[in-house]
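Hi everyone, thanks for coming. I'll walk you through one protein model today, so have a look at it on the screen.

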Amino acid sequence: MPVGKGKTRVYVPATIDMLQRLVADGEVEAVNRTAFAVTAALREAYTSGDDEELAEVAMAEAARASLRLLAARADDESATDGSAEDLPVRRVVVAADVEEATPRPDLDDAVVRLAAPVTLKSVASVHVDLEGAEADVARAVEVIDAADMGDEEAEFVLGDAEDHQLAWYATQELPFLLELL
């Protein structure tokens, strides 16, 4: 389904604490209402690839954005007294079907702006790193800015984290997942 017409599958970068809010409140606000989707600009950027492959690209972009959220959380914790909840350092992507998503090609080919918070009812699935990825993800969080600036060593560290596949969870599994973390 094209972005902006009918339901659109979006991939929302998130963190474990955002998942907790989604389960507790029945909705979560994407940071700056930013998500990723298969947009016309993304289709144009790839000369080949079907919708499933392009959806993987959009999800990978959301997973990288999740690293940035984790880095921002780490910065916030170091700026405060460090008493923030001790949550695992894992990338999280929420896949949801939303009514309205506006393309933001000024930011990137797959970026969209959501019109409203993501509701638990709209969530199709949630994708989270497994425990074995935590060390690589933690290292990637420390160097994400340097990788964005072209530091080759940082890009290798980032690649190690991105080599981990995100595990798939159904919405009814979320309370159990959060309990086990």
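Let's start with a small puzzle: in strand 6, which residue is the bridge partner of Ala-35? It's Val-112. Before I go on, this is a predicted model, where local features need pLDDT of at least 70, side-chain atom pairs count only at pLDDT 80 or more, and totals for chains, interfaces and linings use all residues. Residues are numbered from 1 along each chain as its sequence is written, and side-chain values use heavy atoms, with hydrogens and water left out.

Okay, a bit of vocabulary. Helices (H or I, at least four residues) and strands (E, at least two) are DSSP runs, numbered from the N terminus. Two strands pair if DSSP finds at least two bridges between them.

Now the sheet. It's open, has seven strands in the order 5-6-3-1-4-8-9, and the pairing is antiparallel. At the edges sit strand 5 (101–103) and strand 9 (167–169), each pairing on one side only.

Back to our puzzle pair: strand 3 (residues 34–37) and strand 6 (residues 111–114) run antiparallel and are joined by three bridges. Strand 6 also pairs with strand 5, again antiparallel, over three bridges, and there Leu-114 is the partner of Ala-101. Strand 1 (residues 8–14) and strand 4 (residues 92–98) pair over seven bridges, with Ala-14 opposite Val-92.

How far can we trust all this? We use pLDDT, the predictor's confidence in each residue, from 0 to 100. The mean for the protein is 89, and 92% of its residues reach 70 or more. Among the elements, strand 4 has the highest mean, 97, and helix 3 (residues 51–79) the lowest, 87.

Last stop, the largest pocket. On a 1 Å grid over the protein atoms alone, a pocket is an open set of points where a 1.4 Å probe fits, with protein on both sides within 12 Å along at least five of seven lines; lining residues have an atom within 4 Å of a point. Its lining has 18 residues, and Glu-56, Met-59, Ala-60, Gln-165 and Leu-166 lie nearest the centre. Which element gives the most to that lining? Helix 3, with eight residues. Strand 1 and strand 8 are among the elements that each supply at least two.

That's my tour, so over to you for questions.
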